[in-house]
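Got a model open and want to know what to make of it? Let's go through it in questions and answers.

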Amino acid sequence: MTGRNFSVPFYLLDWSHSGGAGLATIEVLFSCGSCRMRVSGTLGDLNDMPPKSGSPTDAADRANIQDVAKAASVSVSSVSNYMNNRFHRLGTETRTRIATAIAELDFRPNQAARQLKTGKARVIALVVPSIVNPFNGQMVFSIEQAAVEAGYRVHLCNTMRDPKLEKEFLDNLAAVGVADLITIAPLNTRRGYYSAWSDLSIVAVDANRLDLKLARLDTVNLDHEAAIGMAVEHLFALGHRRIAYVTDPLITHSRVMRLSGFKKAMKDRELDDSQAVVLERHQSALDVADAQMVEVGRDAASDVAALSPRPTAIIAFNDMIALGLLATFRSAGIAVPKDMSIIGVDDAWISQLSFPALTTIRQPIEAMASAAVERVLKPNTAPANAGSDAIFLPELVVRDTCAKPQEDAASRVWKRHLE
């Protein structure tokens, strides 16, 4: 086809430079949708091409691992240990000499050569429904920080929980040697979904191993039942007895477990556990990708108003739903916390910026992210090992959206504004 320009994703598989003639051969994998094509050929005379500013004109001019070892007066294996973060094998003075030599020589390890040697790219695939949800964004950021510290990069895909999009992403990465996957909040109906990529080391954040049904899986979770129990206890101590719970469809592990935690905590205190608003799939607020959680909260306000008896406090599945409820109540003239108390879960950064500031249950995001990266990079590969389950404890963060109930005032306001 002539007269048209187009571009597709490509991956460099191998290249070589003939030296004196300046000719380079290259082998490339092109990928477009489900189609792939391997192409090899000659680029031309590299000696005629202008060098990048500040870089050498020939690969032979660049420092290699032997040069670093010679400059630091250490063995090549010591430099290799340093580059692969095996610092426990090196003394402090040795690490300092190697670091100095690397800086002075501007040494940059050849990632393509490393991958050809190990068969594995130093990359973690990270799939998330959507980073529009601030909690997901914070988790992704913390995972990337932990990965970089371990010498890895992260390839991110916002899947919108679309299995076709996710499959295409994972197939492309598997083709270039990516063997580590962290998945955040996968659907609890994806039984055996990831078994198609049997070579992957997989860690699932916010997931139940029984839902995913994989031969081996590591999971990282908040204690979701304890989180909601903590919220119920806080409101109970303030004097609330009519407490509602708001969530959208129970399509993930956390949504199922937090509703379970609400019912359990209410029953433990001999309170009515029936005031749970679960926005179902037929409703306009359905949010499969976690990208419209604030709208879920907005739409839930009228459902909460229809509860009988009317609640004096609401626990939301997460901070974004809580903020949606808060915005609707404010527009309707319902004062929080005077007329209604609200508490969220996650402690997303935006929860501090609402007015009033949102009381919430904090997830230890950085610790959970570090655990996920550690487990995906160092899995227990023993044949009988099915994986590990790391569970983290929540923490109550008291701000300004909860107070003692004002029964008469609340009833008058609800009747005037939301009926």
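**Sheet, helices and odd backbone spots**

Q: In what order do the six strands of the open sheet run?
A: The pairing in this open sheet is mixed. Strands here are DSSP E runs of at least two residues and helices are H or I runs of at least four, numbered from the N terminus, and two strands pair if DSSP finds at least two bridges between them. The order is E10-E9-E11-E12-E13-E15.

Q: Which are the edge strands?
A: An edge strand pairs on one side only. That description fits strand E10 (276-278) and strand E15 (395-397).

Before going on, the ground rules. This is a predicted model, where local features need pLDDT of at least 70 and side-chain atom pairs count only at pLDDT 80 or more, while totals for chains, interfaces and linings use all residues. Residues are numbered from 1 along each chain as its sequence is written, and side-chain values use heavy atoms, with hydrogens and water left out.

Q: What does the pLDDT of the protein average?
A: pLDDT is the predictor's confidence in each residue, from 0 to 100. It stays under 50 over residues 1-26 and also over residues 30-59. Still, 76% of the residues score at least 70, and the average is 81.

Q: Do strands E12 and E13 pair in the parallel or antiparallel sense?
A: Strand E12 covers residues 341-346 and strand E13 residues 359-362, with four bridges between them. Isoleucine 343 stands opposite threonine 359 in E13. The sense is parallel.

Q: What angle does the direction of helix H11 make with that of E12?
A: Helix H11 (residues 319-331) packs on the sheet, touching strand E9 (243-247), strand E11 (313-316), E12 and E13; contact means heavy atoms within 4.5 Å. Axes are lines fitted to C-alpha atoms, for helices over the stretch in contact, and angles run from 0 to 180 degrees between N-to-C directions. Here the angle is about 155°.

Q: How far does helix H8 reach from its first C-alpha to its last?
A: Helix H8 (residues 224-238) has 15 residues. The expected span is 1.5 Å times one less than the number of residues, giving 21 Å for H8. The model comes close to that, at 22 Å.

Q: Why does threonine 219 count as buried?
A: Threonine 219 sits in strand E8 (residues 218-222) and touches Ala204, Ala207, Arg209, Ser388, Asp389 and Ala390, not counting residues up to four places away in sequence. Buried means under 20% relative accessible area, exposed over 50%, partly exposed in between (1.4 Å probe, protein chains only). Threonine 219 counts as buried because its relative accessibility is 2%.

Q: Which residue does a 2.5 Å polar contact join to threonine 219?
A: A polar contact is a pair of N or O atoms within 3.5 Å; within protein, one must be able to donate a hydrogen and the other to accept it, and residues adjacent in sequence count only if both atoms are side-chain atoms. This one runs between side chains. The partner is aspartate 389.

Q: What is omega for the cis peptide bond between valine 336 and proline 337?
A: Most peptide bonds are trans. Proline 337 lies in the loop between H11 and E12. Its cis bond with valine 336 has an omega of about 10°.

Q: Is lysine 213 buried or exposed?
A: Lysine 213 is in the loop between helix H7 (209-212) and E8, with a positive phi near 50°. Its relative accessibility is 52%, so lysine 213 counts as exposed.
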